[in-house]
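Colleague: I would enjoy a close look at one strand in this model, together with whatever surrounds it. Please choose one and take me through it slowly.

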Amino acid sequence: MKHTTATPTVRTPADRFTGDVYLNLLEAPAEPARLAVGLVRFTPGARTNWHSHANGQTLHITDGVGLVGTRDGHVVRVAAGETVSCPPGEEHWHGATDTTFMAHLAIVVGDGAGDGTTWLEPLTDEQYAAALSAATG
Ligand code: MN
């Protein structure tokens, strides 16, 4: 077995995220498993760009309160202990609320070339403000 006592915390790239977001990559895609697992920590107001995952994604919130939204305007408010499953190809975003931190485990199965994520444009401040108002659950 491989026992990792600590993984580096790195800033996520500004062309894929808004605000300060930190990633610990816990598992990188490796044949034949293709599993990728990251611990992602969002500071208040921070969020991903719009994006989709070729094979879907499971998010398990480990700390704080955040939001997950889809193109149809559906936004769920998520808290520690909760889990969200994003189906393959569904465009969505995830992030903190404007007043709280949020951390989640992000679990994906890669496409053989990488982690299978297609990155799109940023969630605008207007879209984010609307999501804060629309959030349910
Ligand atoms: Mn995602």
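Modeller: Happy to; I will take strand β4, its partners, the loop before it, the core and then the metal site. This is a predicted model, in which local features need pLDDT of at least 70 and side-chain atom pairs count only at pLDDT 80 or more, while totals for chains, interfaces and linings use all residues. Residues are numbered from 1 along each chain as its sequence is written, and side-chain values use heavy atoms, with hydrogens and water left out.

Strand β4 covers residues 35-42; strands here are DSSP runs of E, at least two residues long, numbered from the N terminus. Of its 8 residues, 6 are buried (under 20% relative accessible area with a 1.4 Å probe, protein chains only; exposed is over 50% and partly exposed lies in between). β4 has a partner in strand β3 (residues 21-27), antiparallel to it and joined by 6 bridges; pairing asks for at least two DSSP bridges. In this pair, Leu 23 faces Val 40. β4 also runs antiparallel to strand β11 (residues 102-109), with 8 bridges between them, and there Arg 41 stands opposite Ala 103.

The loop between β3 and β4 holds Pro 32, which is joined to Glu 31 by a cis peptide bond with omega about 5 degrees. Arg 34 is in that loop too, with a positive phi near 65 degrees. Both features are worth a look because most residues other than glycine have a negative phi and most peptide bonds are trans. Arg 34 counts as partly exposed because its relative accessibility is 32%.

β4 is also one of the elements giving two or more residues to the largest nonpolar core, along with β7 (57-70), β9 (83-86) and β11. Such a core is a set of buried Ala, Val, Leu, Ile, Met, Phe, Trp, Tyr and Cys residues joined through side-chain atoms within 4.5 Å. This one has 14 residues, and Val 21, Phe 42, Leu 59 and Val 84 make the most contacts inside it. β7 gives the largest share, 3 residues. Beyond its neighbours within four places in sequence, Val 21 is in contact (heavy atoms within 4.5 Å) with residues including Val 40, Arg 41 and Phe 42.

Lastly, the manganese ion has protein donors (N, O and S atoms within 2.8 Å, or 3.2 Å for Na, K and Ca) from His 51, His 53, Gln 57, His 92 and His 94, at 2.1 to 2.2 Å. Water is not among the atoms, so sites may look incomplete.

Definitions and conventions
Helices (H or I, at least four residues) and strands (E, at least two) are DSSP runs, numbered from the N terminus.
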